[in-house]
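Here's a quick walk through one protein chain and the ligand that goes with it. Have the structure open while you read.

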Amino acid sequence: MRIDIVTIFPTFFDALDLSLLGKAKQSGLIELDVHDLRDSTHDRHRTVDDTPYGGGAGMVMKPEPWGEALDGILGDDTEEEPLVIFPSPAGEVFTQAMARELATEPRLVFGCGRYEGIDHRVFDHTASRARVRLVSLGDYVLNGGEVAVMAMIEAIGRLVPGVVGNPESLVEESHEDGLLEYPSYTKPAEWRGLPVPPVLLSGNHGAIATWRRQQQIERTREVRPDLLPADQPDA
Ligand code: SAM
């Protein structure tokens, strides 16, 4: 998978050199390029924002630097049509299902907004030559798209085959089967007076599976009842 990111804060993404995604970059499983939007400006102050038409508070990101930056990234594409994702609190909400879908894309481009966002014509123009999605991390407002893109790349990247050593560890996770994950424990069997649930020490795999499933359902009903199908509240 190839990922391009456009941002005015390229060093935000230094953290992607760490841990599993860092290894995936080193091994070539994920090719990642971070582009400084200000490299596509031509004035002395490397200006990327201006006042909004129609008035109002804050600044809006100018279309010209975005157009030039995206020309450079999308222009060389002959084989794979990239999917361009603009993080936005006004977008469709990012989910594990979307992460799974995006992990199959060969080319992703992320455009990180700042200030009051990007001039809307950038989305329209980009959509005339690539697939475009506006994606929200959740129902709250961040200062910029960088944190949202980091979260998306981490969730997507770990689903790219080969990035996580043991693919089975991806299967039994929260949201993979529509439920939250069961609680996990490791040694010692008792810690500060708190024992591990005895069934987990029983060696009875059937009983363990049943207990875990019950825990998933109880946890989901308690914390995220919205995830349970309306016609099957007992999952
Ligand atoms: N004025 C915009 C609005 O109300 O929709 C919010 C702009 S926000 C301060 C600046 C940038 O942060 C956005 O362009 C977007 O890139 C990013 N951002 C903020 N909240 C986000 C969220 N929940 N999900 C994804 N990106 C977000």
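Where does valine 141 lie? Valine 141 sits in the loop between E7 and H5. This is a predicted model, so let's keep that in mind as we look around.

**The loop before H5**

Aspartate 139 is found in that loop too, between strand E7 (131-136) and H5. Is aspartate 139 buried or exposed? Aspartate 139 counts as exposed because it has 7 C-beta neighbours inside 10 Å. Valine 141 is exposed as well, because 9 other C-beta atoms lie within 10 Å of it. Both positions turn up in the record: the "binding site" annotation in an unreviewed UniProt entry covers Gly113, Leu137, Gly138, Asp139, Tyr140, Val141 and Leu142.

**Around the ligand**

The ligand has 19 residues around it, and the closest are Pro87, Gly113, Leu142, Gly145 and Ala148. By class, that shell comes to 9 nonpolar, 8 polar and 2 charged residues. Strand E5 is the top contributor to the shell, with 4 residues.

**The helix that follows**

H5 runs for 12 residues and reaches 16 Å from its first C-alpha to its last, close to the 16 Å expected at 1.5 Å a residue. Plenty of its positions are buried, namely Glu146, Ala148, Val149, Met150, Met152, Ile153, Ile156 and Gly157. What do these buried residues pack against? Their partners are E1, H1, E5, helix H3 (96-102), E6 and E7.

**The core**

The largest nonpolar core has 36 residues, and Ile5, Leu108, Phe110, Val149, Met152 and Ile153 have the most contacts inside it. Strand E1 (2-7), helix H1 (19-27), strand E4 (60-61), helix H2 (63-74), strand E5 (83-93), strand E6 (107-111) and helix H5 (146-157) each chip in at least two residues. H5 gives the most, with 6 residues. As a general backdrop, nonpolar side chains in soluble globular proteins tend to be buried together.

Ile153 is a handy spot to zoom in on: leaving out residues up to four places away in sequence, isoleucine 153 touches Ile3 and Leu16. Leucine 16, for its part, lies in the loop between E1 and H1. Leucine 16 counts as buried because it has 21 C-beta neighbours inside 10 Å. Beyond its neighbours within four places in sequence, leucine 16 is in contact with Leu21, Gly22, Lys25, Leu32 and Ile153.

**Another loop residue**

Lysine 62 has its place in the loop between E4 and H2. Why does lysine 62 count as partly exposed? Because there are 17 C-beta neighbours inside 10 Å of lysine 62. Setting aside neighbours within four places in sequence, lysine 62 is in contact with Val48, Asp49, Asp50 and Asp119.

Here are two C-alpha pairs from these loops, with how far apart they sit.

| Pair | Apart along the chain | C-alpha separation |
|---|---|---|
| Lysine 62 and arginine 121 | 59 residues | 9.7 Å |
| Leucine 16 and leucine 32 | 16 residues | 9.1 Å |

**The whole chain**

Stepping back, the protein chain has 7 helices and 9 strands. Its C-alpha atoms fill a box of roughly 70 × 40 × 35 Å, taken along the principal axes. Of its 235 residues, 23% count as buried. Looking at contacts in the protein chain with a separation of 6 or more, 74% come from residues 24 or more positions apart.

Terms used: Residues numbered from 1 in each chain as written. Predicted model: local features only at pLDDT ≥ 70, side-chain atom pairs only at ≥ 80, totals over all residues. Core = buried A, V, L, I, M, F, W, Y, C linked by C-beta atoms within 7 Å. Buried ≥ 20, exposed ≤ 12 C-beta atoms within 10 Å, placed from the backbone. Contact = placed C-beta atoms within 7 Å. UniProt positions renumbered as here; feature names shortened; annotations may be inferred. Near = placed C-beta within 6 Å. Nonpolar A, V, L, I, M, F, W, Y, C, P; charged D, E, K, R; others polar. Expected span 1.5 Å × (residues − 1).
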